[in-house]
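These are my notebook entries from a session of looking up strand pairing and charged side chains. I begin with the strands and then turn to the charges.

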Amino acid sequence: MENVTLNVSGMSCGHCVNAVEGNVGKLDGVESVKVHLDSGKVDVAFDHGKVSLEKIKETIDDQGYDVE
């Protein structure tokens with residue numbers, strides 16, 4: 001299991017949290033995802049054998065947020 005913390009800009013409300021956590025959480029191989037609005041960070045625990053970090057970033061980007 002791999003754990004990463006991503007810097008994500010553009011998140012500002014509960015809808016943002018639900019969009020990111022909901023969509024990233026649906027990816028096969030993602031064990032957990034937690035958005036921290038106050039710091040603009042997203043913690044993700046995932047199985048690198050099932051899903052790539054790029055796919056996770058792409059999923060967040062598809063919701064309209066910028067991943068650094």
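I looked up the pairing of β1 with β4 and found that two bridges join these strands, which run antiparallel. For Ser 9 I noted that the bridge partner in β4 is Asp 66. I keep in mind throughout that this is a predicted model.

Next I went to the other pairing of β1, and I recorded that six bridges join β1, residues 2–9, to β3, residues 41–46, with the two strands again running antiparallel. Going through individual positions, I found Asn 7 opposite Lys 41 in β3, and I listed Val 44 of β3 as the bridge partner of Val 4.

I then asked myself in what order the four strands form their sheet. The order I wrote down is β2-β3-β1-β4, in an open sheet whose pairing is antiparallel. The edge strands are β2, residues 30–36, and β4, since each of these pairs on one side only.

Turning to charges, I reminded myself that side chains of opposite charge can pair when their charged atoms come close. How many salt bridges does the count come to? With a side-chain nitrogen of Lys or Arg required to lie within 4 Å of a carboxyl oxygen of Asp or Glu, I arrived at one salt bridge. The side chains that meet in it are those of Lys 55 and Glu 58, with an N to O distance of 3.6 Å.

I also checked where this pair sits, and both residues belong to helix α2, residues 53–62, where they are three residues apart and therefore separated by about one helical turn. Lys 55 has a relative accessible area of 36%, so I entered this residue as partly exposed. Glu 58 comes to 41% relative accessibility and is likewise entered as partly exposed.

My last entry concerns a negative surface patch, which I found to be formed by Asp 61, Asp 62, Asp 66 and Glu 68. One of these, Asp 66, is the residue I had already noted as the bridge partner of Ser 9. Is Glu 68 buried or exposed? Its relative accessibility is 62%, and because exposed means over 50%, I count Glu 68 as exposed. As to its place in the chain, I located Glu 68 in the segment after β4, the strand of residues 66–67.

Notes
Residues numbered from 1 in each chain as written. Predicted model: local features only at pLDDT ≥ 70, side-chain atom pairs only at ≥ 80, totals over all residues. Heavy atoms only, no water. Patch = residues over 30% accessible without salt bridge, like charges linked within 9 Å, V, L, I, M, F, W, Y side chains within 5 Å. Areas by Shrake-Rupley, 256 points an atom, 1.4 Å probe, with all protein chains shown as cover. Lys, Arg positive; Asp, Glu negative; His and termini not counted. Charge placed at Lys NZ, Arg CZ, Asp CG, Glu CD. Buried < 20%, exposed > 50% of the residue type's maximum accessible area, 1.4 Å probe, protein only. Pairing = 2+ DSSP bridges.
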